[in-house]
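Subject: Handing over the structure

Hi there,

Here is the structure I promised to pass on. Have a look at it first, and then read on for what I found in it.

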Amino acid sequence: MTVPKHQIRAVHTASTVTVYQAYDPAIGIPAARDGRFPAAWKRDRMTWIKPSFLWMMYRCGWAGKPGQQTVLAVEIDREGFEWALRHACLSHYVSGLHPDKAQWKRQLGQAPSRVQWDPERDLRLAPLPYRSLQLGLGGEASARYADEWTVAIEDVTPLAHEIHRLVRAGDLEGAGRLLPEELPYPAGEELLGHLVRREG
């Protein structure tokens, strides 16, 4: 089955969606222990959440990059996730989607969230022909993410290390069986119409 170029795929339930972030252990370990981000987590700073486990692995180098050694699976409220999408602006100008660059810049400066569509990754972290959502939260969105939307936080660093071990051993089938089951998220025109250029 052909995967649409722009599609949100995530672990989700009727009320929550799981996203991934990687932090220094000083932030990540207490966050997972307490189920909420600690006071040291900056609520006024842009933070990027990623529904794709493998894109997170690409970004953090299988939890090997400095400052990204603790990978968190953050279960958040779907209403909050969808609020962020509805209020988001694309992080780059797209002709045909935005009237002009000046208006896009104004929207970007005012939006509490922003979206990038980056190439999805396979188990070897090579790019795939379809895209993965990166959702940046700033200002109001960042604070609400930490203090209102977060339902649960799990440290999935051991899972990242085990999958990476199997990939290095050449056991892609075994590694694939351990991946979180990310299914298409029901996001129609109301959520994505302003974030994806219509073809044709």
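Is Met57 buried or exposed? Please keep in mind that this is a predicted model. Met57 counts as buried, because its relative accessibility is 0% and the cut-off for buried is under 20%. The residue lies in helix 2. Leaving aside neighbours within four places in sequence, Met57 is in contact with Trp62, Val71, Leu125 and Ala160. For a sense of scale, the C-alpha atoms of Met57 and Glu148 are 26 Å apart in space, and the two residues are 91 apart in sequence.

Now to what helix 2 packs on. Strands 2, 4 and 8 make up an open sheet of three strands, in the order 2-4-8 and with antiparallel pairing. Strand 2 (16–23) and strand 8 (150–155) are at the edges; each has a single partner strand, so one side of each has no neighbour in the sheet. From one strand to the next, the twist averages 25°. Strand 2 and strand 4 (residues 70–77) run antiparallel and are joined by eight bridges. One pairing to look up is that of Thr16, whose bridge partner in strand 4 is Asp77. Helix 2 (residues 53–60) packs on this sheet and touches both strand 2 and strand 4. The direction of the helix makes about 10° with that of strand 2.

There is a second set of paired strands to look at. Strand 5 (residues 88–90) runs parallel to strand 6 (residues 113–121), and three bridges join them. Here Leu90 stands opposite Val115 in strand 6. Strand 6 is also joined to strand 7 (residues 127–137), this time by eight bridges and with the strands running antiparallel. In that pairing, Arg114 stands opposite Gly136 in strand 7. Strands 6 and 7 form a hairpin, with five residues between them. If you check backbone torsions, note Leu125 in the turn, which has a positive phi of about 65°. Leu125 is also one of the contacts of Met57.

Next, the helix pair. Two packed helices are described by the angle between their axes and the distance between the axes. Helix 3 (residues 78–86) and helix 5 (residues 140–149) pack at about 175°, and their axes are 10 Å apart. That angle makes helix 3 roughly antiparallel to helix 5. On the helix 3 side, the residues that meet helix 5 are Gly80, Trp83 and Ala84; their counterparts in helix 5 are Glu140, Ala141, Arg144 and Trp149. The residues of this contact divide into four nonpolar, one polar and two charged.

Helix 5 also holds Ser142. Ser142 has 0% relative accessibility and therefore counts as buried. Not counting residues up to four places away in sequence, Ser142 touches Trp41, Lys42, Arg43, Arg45, Thr47 and Leu137. From Ser142 to Asp171 the C-alpha distance is 38 Å, with the two residues 29 apart in sequence.

Last, the cysteines. How many disulfides does the structure hold? It holds zero. Cys60 counts as buried, at 0% relative accessibility, and Cys89 is buried too, with a relative accessible area of 4%.

Happy to talk it through whenever suits you.

Best wishes

Methods: Residues are numbered from 1 along each chain as its sequence is written. This is a predicted model: local features need pLDDT of at least 70, side-chain atom pairs count only at pLDDT 80 or more; totals for chains, interfaces and linings use all residues. Side-chain values use heavy atoms; hydrogens and water are left out. Two strands pair if DSSP finds at least two bridges between them. Helices (H or I, at least four residues) and strands (E, at least two) are DSSP runs, numbered from the N terminus. Axes are lines fitted to C-alpha atoms, for helices over the stretch in contact, and angles run from 0 to 180 degrees between N-to-C directions. Contact means heavy atoms within 4.5 Å. Buried means under 20% relative accessible area, exposed over 50%, partly exposed in between (1.4 Å probe, protein chains only). A disulfide is a pair of cysteine sulfur atoms within 2.5 Å. Angles under 35 degrees count as roughly parallel, over 145 as roughly antiparallel, 65 to 115 as roughly perpendicular and the rest as oblique. Ala, Val, Leu, Ile, Met, Phe, Trp, Tyr, Cys and Pro count as nonpolar, Asp, Glu, Lys and Arg as charged, and the others, Gly among them, as polar.
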